[in-house]
Amino acid sequence: MDSYDITSNTILEPRDDMEFESHEAAYSFYKEYAKSMGFGTAKLSSRRSRASKEFIDAKFSCIRYGNKQQSDDAINPRPSPKIGCKASMHVKRRQNGKWFIYSFVKEHNHELLPAQVHFFRSHRNVDPLKNDVRIRRRKNLAAVSKLFNAYQNVDCLETYMRNQHDKGRSLVLDPADSQVLLEYFMQMQEENPKFFYAFDLNEEHRLRNVFWVDAKGMEDYTNFGDVVSFDSTYFTNKYKISLVLFVGVNHHIQPTLLGCALIADETVYTFVWLLQTWFLAMGERAPQVILTDQNSAIKAAVAAVFPETRHCFSLWNVLEMIPRHLEYLSPWHDNFMEKFYKCIYRSWTEEQFEKRWWKLVEKFHLREVQWIQLLYEDRKHWVPTFMRGISFAALSTPSRSESLNSLFDKYVRGETSLREFIEQYRVILEDRYEEEAKADFDAWHETPELKSPSPFEKQMSLVYTHEIFKKFQVEVLGAAACHLKKENEFETTTTYEVKDFEDNQNFMVEWNESKLDIYCSCRSFEYKGYLCRHAIIVLQMSGVFSIPSKYILQRWTNAAKSRHVISERLDEMQSKVRRYNDLCRRAIILGEEGSISQESYSMALSAIQEALKQCASLNISVESNARPITSDVLSVCATEEENQFGNTSKDKVPYPLVVNTNGNSSRADTGRGKGSNVSNTAKKGKATQQLTWNVRTQDGCHQMELSDMRPTQLHNFVQTPLQVLPTMFHNVAPTQFHNVPTTHLLDSRLPR
């Protein structure tokens, strides 16, 4: 037989009658064969002739050939892909110089991955100009476009694909930190089965990214998930631990920890995996607003995972980057910042901003500065002028020291190790719980002091929590130092100029009496979530003596955690808060009396259960006749009774990750008994491969199968995106994760 030509379109299986010009040609053939089958290759051994010094023998194998050779006392053991696979091809050289196949072992002891084969190191360095690579890239881009339908920019996808080699990176951890982390997660889950964590492993089975969130974080997101800050400060500033945080804010203006993660890099892949995992953990409820650093990879990931969410950059992050990018302006820094602040804070309209921005750029010769160009392109993500109609709930501030995120800085320092942070994590949770419990107790037992006869102050004293009311009270009192002048009137909208003598500044306030819409250029409502003194004086002079309900965010009220949306009628809202506070006080008294003995406890518990049953029945009948509230501002995330991603043919499956949640089996769908296997038949035209999920419950490990997958949404998993978001760890559990099933996401409902 003629020497085998590896340029042939058809990749044949190795046979005894094949010949090759050299051992390199034989290896090239074996690589092409491995590529078509779905496994990586390695040169196992070779031997030269003692006389001629030429190669006479060579053996090539699957990358998982053999067993890991490493002493038990290795200081920093490295994970190995070797799992005892015997697949190999042994070639020898004839007298005529031709090479033949001496032996060939076809069978593997692991799963083959043809869809992800180009992620193996042996298949990465392929000439990008070859037709087959262009075809593969075109197919990949089509798959990614289908998965990330929020992406509109093809260049972004091209960049995403070019960066696929970065996914081989792994977390930089001290020896044994991975095991410590896993043991800590398992301990947390034993204490609370709703604790959620997920691992992302690279193709070498090394830990790449990890995410976790406790049950309190998921509960807080249910009540305060309208605005979320994704804080990557510790990672960006090169802290010892590559930590990123999901931070929210509760009704007492206290930071809430909505999730933590350790990440290996800041690629689009990493951020998409992290945001999607967090999205799943939070019950597939996207925030209304997400705040992040100015980062192109984060921007692309947010657009993919949360296409309907308003993405904004943290104002302090933008402002703190000015000295770094414009260091040469330091002699003129004060003058520049004065003009810059005037441009972004004092521009009432977009036209004013445009005029001042380009004037600033020309004055300081910034037109060629790339960062300034990028700032302008992203202006709708950070400039206050463009933030009308949203609320950041105090999470976006001019400096980090003022931000709620900075409260975590006392727990994390530049040299904090992972072990130290794990210890601090418990302290963080305990401090958060204690501070919120104290604020709740004060709200139930104390009535805020009124400092003026203002109807606005009296109105909100029984509605807002103490912390918000104190801040709002400052605005009410500050209204006395404001003077307004009518600027113009157009149809039902009147514009006023308000002189604030305390700040010695002028502000513009736009008031539409027919719609009860009010907007101030100080943007207090957008950034703080309550009306400012300038708006209050306009309302007062217009004969309106109560805050319009659309400007009372439920998240700032004593009824923030109620699953029922507060009424648009303020008198009903105040009455509800009074009833709520009264019942909370009585419940505390009942708890004290009912806990004295087992008999009193049983009596109190029985009474509570009966009262709850009757109240629920009554409320259902009342709600059936109630008109639905459509106000976006008041519709703050109500508690959902059911999670929606676990239903037979409508299952929503994200891309693969190692995940473990030791949830109670009673949360699973009805009809799925313990220990049973559930299999759905794949529909025609959809992904045909089956995914096996290991669902860990308190009674054991159940196996489930899923075949019916819808390919049109981001969180739905299809066959082709495996090329983009690979799992190279099927059936292989690394030693440091031997207690974690190498699985896809759970079919049972994620913890709330």
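**Exercise 1. Helix H18 and its surroundings**

Task: State which residue just after H18 takes a positive phi, and determine how many residues of helix H18 are buried.

Solution. Step 1. In this predicted model, glycine 543 lies just after H18 and has a positive phi of about 80 degrees.

Step 2. Helix H18 spans residues 533-541, and 7 of its 9 residues are buried, so the helix is largely enclosed by the rest of the structure. A residue counts as buried when its relative accessible area is under 20%.

Step 3. The buried residues of H18 are Arg533, His534, Ala535, Ile536, Ile537, Val538 and Leu539.

Step 4. The cover over these buried residues includes helix H15 (455-461), helix H16 (466-478) and the strands E13 (482-490), E14, E15 and E16.

**Exercise 2. The sheet that helps to cover H18**

Task: Give the order of the strands in the open sheet of 4 strands, and identify its edge strands.

Solution. Step 1. The order is E13-E14-E15-E16, and the pairing is antiparallel.

Step 2. E13 and E16 are the edge strands, since each pairs on one side only. From one strand to the next, the twist averages 20 degrees.

Step 3. Strand E14 (residues 493-500) pairs with strand E15 (residues 505-512) over 8 bridges, in the antiparallel sense. Within this pair, valine 498 has phenylalanine 507 of E15 as its bridge partner, and glutamate 497 stands opposite methionine 508 in E15.

Step 4. E14 and E15 form a hairpin with 4 residues between them, and asparagine 504 in the turn has a positive phi of about 55 degrees.

Step 5. E15 also pairs with strand E16 (residues 517-520), in the antiparallel sense and over 4 bridges. Here tryptophan 511 stands opposite isoleucine 518 in E16. E15 and E16 form a hairpin with 4 residues between them, and the turn contains leucine 516, whose positive phi is about 55 degrees.

**Exercise 3. Helices H11 and H12**

Task: Decide whether H11 is roughly parallel or antiparallel to H12, and describe the contact by class.

Solution. Step 1. Helix H11 (residues 333-345) packs against helix H12 (residues 350-363) at an angle of about 160 degrees, and their axes are 9 Å apart.

Step 2. An angle over 145 degrees counts as roughly antiparallel. H11 is therefore roughly antiparallel to H12, and the crossing is left-handed.

Step 3. H11 contributes Asn335, Phe336, Lys339, Phe340, Lys342, Cys343 and Ile344 to the contact, while H12 contributes Phe353, Arg356, Trp357, Leu360 and Lys363.

Step 4. By class, this contact has 7 nonpolar, 1 polar and 4 charged residues.

**Exercise 4. Helices H7 and H8**

Task: Describe how H7 and H8 lie to each other, and classify the residues of their contact.

Solution. Step 1. The axes of helix H7 (residues 268-281) and helix H8 (residues 296-305) come within 8 Å and cross at roughly 40 degrees. The two helices are therefore oblique to each other, and H7 passes H8 in a right-handed crossing.

Step 2. On the H7 side the residues are Val268, Phe271, Val272, Leu275, Gln276 and Phe279; they meet Ala297, Ile298, Ala300, Ala301, Val302 and Val305 in H8.

Step 3. By class, the contact of H7 with H8 has 11 nonpolar residues, 1 polar residue and no charged residues.

**Exercise 5. The whole chain**

Task: State how many helices and strands the protein chain has, and what percentage of its residues count as buried.

Solution. Step 1. The protein chain has 20 helices and 19 strands.

Step 2. Of its 752 residues, 51% count as buried.

How values were computed
Residues are numbered from 1 along each chain as its sequence is written. This is a predicted model: local features need pLDDT of at least 70, side-chain atom pairs count only at pLDDT 80 or more; totals for chains, interfaces and linings use all residues. Side-chain values use heavy atoms; hydrogens and water are left out. Axes are lines fitted to C-alpha atoms, for helices over the stretch in contact, and angles run from 0 to 180 degrees between N-to-C directions. Angles under 35 degrees count as roughly parallel, over 145 as roughly antiparallel, 65 to 115 as roughly perpendicular and the rest as oblique. A crossing is left-handed if the near helix is turned anticlockwise from the far one by less than a right angle, and right-handed if clockwise. Contact means heavy atoms within 4.5 Å. Ala, Val, Leu, Ile, Met, Phe, Trp, Tyr, Cys and Pro count as nonpolar, Asp, Glu, Lys and Arg as charged, and the others, Gly among them, as polar. Two strands pair if DSSP finds at least two bridges between them. Buried means under 20% relative accessible area, exposed over 50%, partly exposed in between (1.4 Å probe, protein chains only).
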